[in-house]
Amino acid sequence: MARAFRAASPLPLPSSSSRAAAASGGTGGGGGGNFPWLSRKRLGAKPPSPQRRGGQEREGGTGDEAAGMGTTTRAARFSATSSAELAEVQSSSSRKRADALARLRAAFLAAITHRRRRRQLGSSLTGTIFGRRRGRVHVALQTDTRSPPVLLVEMAAYSTGALVREMSSGLVRLALECEKQPINPGEKRRALLEEPTWRAYCNGRKCGFAVRRECGADEWRVLGAVEPVSVGAGVLPDDAAAGAAAEEGDLMYMRARFERVVGSRDSEAFYMMNPDGSGGPELSIYLLRV
């Protein structure tokens, strides 16, 4: 059978020596002894040169460096964006905190102002009635001798001398009435002591009108002169009086403590308190809004 196969094969079969050489060549050369084209292909595949390998390594290193630089740039951009967002958030929180503190300060000041106003309308006030003998009567109510008057009223058609004569005859009741004006829906009515005009009555007799005034230089001069006086009456020296002021007579005053009684939002009363605590009030002032 082997003879028939060798006869049919175009190539001669290798002998034992040739098989040993082939085996040794196959072991060393990769089994390409009988295949010359495979040996030539293997010989043609040369390993890369060191210069090319170094270039590839340099190219790989450059790529790695570029990738690292790109990562660093992205990290820097991210950190810059994060810093900007953080600064914006902090500035927004600071503005909110400042607004909250401003609102709190405004509410606190409003509460203090309201409390001071309530203190100004305490249960005990200092009242000063002054004016020239033939001039107009001024009535000033103060919470403190150095504070601005809570109420300063000028009685236009009633003289100080007439009031003194009334008080010498007995009790005096001054009534000041004002009209209750209609207000619009949602509008707050002004306080009773802030009404601008009044109808004046003395012991039931009408004595003209009274007008609310602001404390000017002349009024402050009188109140400053009687500041050391707690209770008393008299005449103030007025060397500068001339002309019409001199014709109206001496500058008279009366000063005392008044007790305040609130009936409602439209009615208040001020009773003069005697220093010795005996007897009833010699002077009463009533404020009414009708």
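**Entry 1: helix α5**

I started at helix α5, which spans residues 160-169. I listed its buried residues: Thr160, Gly161, Ala162, Leu163, Glu166 and Met167. I then looked just past the end of α5. There glycine 170 takes a positive phi of about 155°. I keep in mind that this is a predicted model.

**Entry 2: the chain as a whole**

I stepped back to the full chain. I found 7 helices and 10 strands in it. The chain has 290 residues, and 27% of them count as buried. I looked up the exposed surface as well. It comes to about 19700 Å². Carbon and sulfur atoms supply 56% of that area.

Next I checked contacts with a separation of 6 or more. Residues 24 or more positions apart account for 55% of these.

**Entry 3: aromatic rings**

How many aromatic pairs does the structure hold? I found 1. The partners are tyrosine 271 and tyrosine 286. I noted 5.9 Å centre to centre and 85° between the planes. The pair counts as edge-to-face because its plane angle of 85° is over the cut-off of 60 degrees.

I placed both rings in the fold. Tyrosine 271 sits in strand β9, residues 267-273. Tyrosine 286 belongs to strand β10, residues 283-289. The two tyrosines are 15 residues apart, and the pair links distant parts of the chain.

Are these tyrosines buried, partly exposed or exposed? I looked up each one. Tyrosine 271 has 27% relative accessibility, so I log it as partly exposed. Tyrosine 286 has a relative accessible area of 24% and is also partly exposed. Neither falls under the 20% cut-off for buried.

Conventions:
Residues are numbered from 1 along each chain as its sequence is written. This is a predicted model: local features need pLDDT of at least 70, side-chain atom pairs count only at pLDDT 80 or more; totals for chains, interfaces and linings use all residues. Side-chain values use heavy atoms; hydrogens and water are left out. Helices (H or I, at least four residues) and strands (E, at least two) are DSSP runs, numbered from the N terminus. Buried means under 20% relative accessible area, exposed over 50%, partly exposed in between (1.4 Å probe, protein chains only). Contact means heavy atoms within 4.5 Å. Accessible areas come from the Shrake-Rupley method with a 1.4 Å probe; for residues, only the protein chains shown count as cover. Rings of Phe, Tyr and Trp (its six-membered ring) pair if their centres lie within 6.5 Å; planes under 30 degrees apart count as stacked, over 60 as edge-to-face and the rest as tilted.
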